[in-house]
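Visitor: Could you take me through one part of this model slowly and closely? I am in my first year, so please explain each technical word when you use it.

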Amino acid sequence: MVQKIGNAVASPTKAFFVRMLTRDIELEDAILDLLDNCVDGILRSGGVNSKSRRPYKGFWARITMSQDRFEIEDNCGGIPFEVAKRYAFAIGRPSGATAMEAGNTVGLYGIGMKRAIFKMGQDAIVESRHDRGFSVEFTSAWMDSDDWSSLPMRPLATSTLRGKGTRVVIRKLRDEASSSFADANWVDNFKRIVERHYSLIIQKGFEVRIGSPAEMSRPSAVISPTVFSLLRSEDLQIGEVGIAPYVYRGHLRGVDVEIYAGLYRPLLNEEEQEDEEDRKITSDDAGWTVVCNDRVVIWKDKTRLTGWGESPVPHFHGQFIAISGIVLLRSSDPKKLPLTTTKRGVDAGSDIYLDVKELMREATKALTSFTNKWKKFPEHLKEIYQSSAYMSLPEVRAWAASIPLVRVRNMEGIEKFEPDYPEPEQEKTSARVSFVAMLKDIAKLRHRYFGEDSKAKAGVVGQRAFDDAVKGHGKRPRK
């Protein structure tokens, strides 16, 4: 055996590790990681009533931001002392860390809290109380050194966190965090992100407050969820023609799957089509949303990630503005979910997501075909829309559970419902007239037919001129 003559240092410097750990995560995602920890704490503590429609009622998280300080506090169960001692502050998930695992969480890698702290500041303290209160401090000296020594745990005063919960306070903010938290526009945008990504959990009773120290007691600090809904013809019976969501439900690769897709608004009429061409009507509510264990990881996507533009589905454009869908994936083992490390996206190459996307494409293709058939005369659907009503996601799920489903061919474990959408009658007595005219000529006709101050749209002016010509009021062409 060759004699050892020394040791070569192989451990990473702390500065390098922190830089690499935080470089690919946005500030917003780092904060959402901390919110995820709050909800995971509820699940680990067994505080969720699975039979209730509002299982998170009574639990809350408060995020306070200012130019020199960030704080998040919750009443979500706290961190058990032994879990904190052995696992919670380690960088990564140590082997055998089963004490931290619980059903339907999204924690995978054991880096969320530490990465958020490193991303935002250079000095932080974590206080928690579950069975035994403690505090752990990340000091500037520890952050600046290359020593990976354990962090001391200190007892928590009885007056601190009287209930079961956790508080993370980050001081000495990094420049990005400091400037962002002082920017009202950035904070408002972050609130909108939480409205979307936590929409299901907030609807289930979880309360989130976000704001500056002076704003936290105001009603405006409470985050309201963005609600998902779809149209369905009222009193629609199975086998009848009408508007209803496409439904896929079942179990794939250890994951419970629910998919609902349909129309969330009427198709664009002729005037709206002209507006869409002129200034692009907002399509924020169109597209696919993907949810893993109640967390929204994709919001209203209209790209190849969710099947748009992949054969046989066309690329998204304004004609499809009424189409919306949602995918709900749930598993007691989060490793089976198609989550990325930031938990704000999907692993598009995972087997479970490839299977799910095939179903999404099938529903999208059916809905785009429907819009293609009706795009020339969407106004003929007016009666059908008037007899339709919006269903919230809980209502859609309850309705889907009451209807008969059929098995999906070549995908064992999944069943589906395909609604019978109306077909347009063949139009043989009319045709669409469309042409390009000079703006100055349109302006002349607008003035002639509607007056000097009129703002009538080009299509309306053209229709009036056409009607006038048909009635014989227009000038005849010279021979």
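Guide: Four bridges join β9 to β16, and these two strands run antiparallel. Strands here are DSSP runs of E with at least two residues, helices are runs of H or I with at least four, and both are numbered from the N terminus; two strands count as paired if DSSP finds at least two bridges between them. One place to look along this pair is arginine 249, which stands opposite glutamate 415 in β16.

Before we go on, please keep in mind that this is a predicted model, in which local features need pLDDT of at least 70 and side-chain atom pairs count only at pLDDT 80 or more, while totals for chains, interfaces and linings use all residues. Residues are numbered from 1 along each chain as its sequence is written, and side-chain values use heavy atoms, with hydrogens and water left out.

Now step back to the sheet in which β9 and β16 lie, an open sheet of seven strands whose order is β12-β11-β13-β10-β9-β16-β15 and whose pairing is mixed. Its edge strands, each pairing on one side only, are β12 (295-301) and β15 (406-407).

If you follow that order from β9 to β10, you come to an antiparallel pair held over seven bridges. On this side of β9, glycine 250 stands opposite valine 257 of β10, while histidine 251 has aspartate 256 as its bridge partner in β10. The chain turns from β9 to β10 in a hairpin with two residues between the strands. Arginine 253 lies in that loop between β9 and β10, and its phi is positive, at about 50°, although arginine 253 is not a glycine.

A positive phi also appears in lysine 300, which is a residue other than glycine with a phi near 45°. Lysine 300, however, is found within a strand, namely β12. The loop between β12 and β13 deserves a look too, since proline 312 lies there. Serine 311 and proline 312 are joined by a cis peptide bond, with omega at about 5°.

With the strands in place, turn back to the pair of β9 and β10, which is antiparallel. Helix α10 (residues 351-374) packs on the sheet and touches β9, β10, β11, β12, β13 and β16 (414-417), where contact means heavy atoms within 4.5 Å. The direction of α10 makes about 15° with that of β10; the axes behind such a value are lines fitted to C-alpha atoms, for helices over the stretch in contact, and the angles run from 0 to 180 degrees between N-to-C directions.

Several strands of this sheet also help to line a space in the model. Rolling a probe the size of a water molecule over the atoms shows where empty space is left. A pocket is an open set of points, on a 1 Å grid over the protein atoms alone, where a 1.4 Å probe fits and protein lies on both sides within 12 Å along at least five of seven lines; its lining residues have an atom within 4 Å of a point. The second largest pocket has a volume of about 700 Å³. Of the 29 residues that line this pocket, Pro55, Lys204, Asp294, Arg330 and Arg397 are the closest to its centre. Two or more lining residues come from each of α8 (199-203), β9 (246-252), β10 (255-263), β11 (287-292), β13 (323-330) and α12 (393-402). A volume here is the space filled by probe spheres set on the points, and grid points are joined across faces, edges and corners.

By class, the lining of the second largest pocket has 13 nonpolar, seven polar and nine charged residues. In this division Ala, Val, Leu, Ile, Met, Phe, Trp, Tyr, Cys and Pro count as nonpolar, Asp, Glu, Lys and Arg as charged, and the others, Gly among them, as polar. To close where we began, find β9 once more: β9 pairs with β10 over seven bridges and with β16 over four, and β9 also gives two or more residues to the lining of the second largest pocket.
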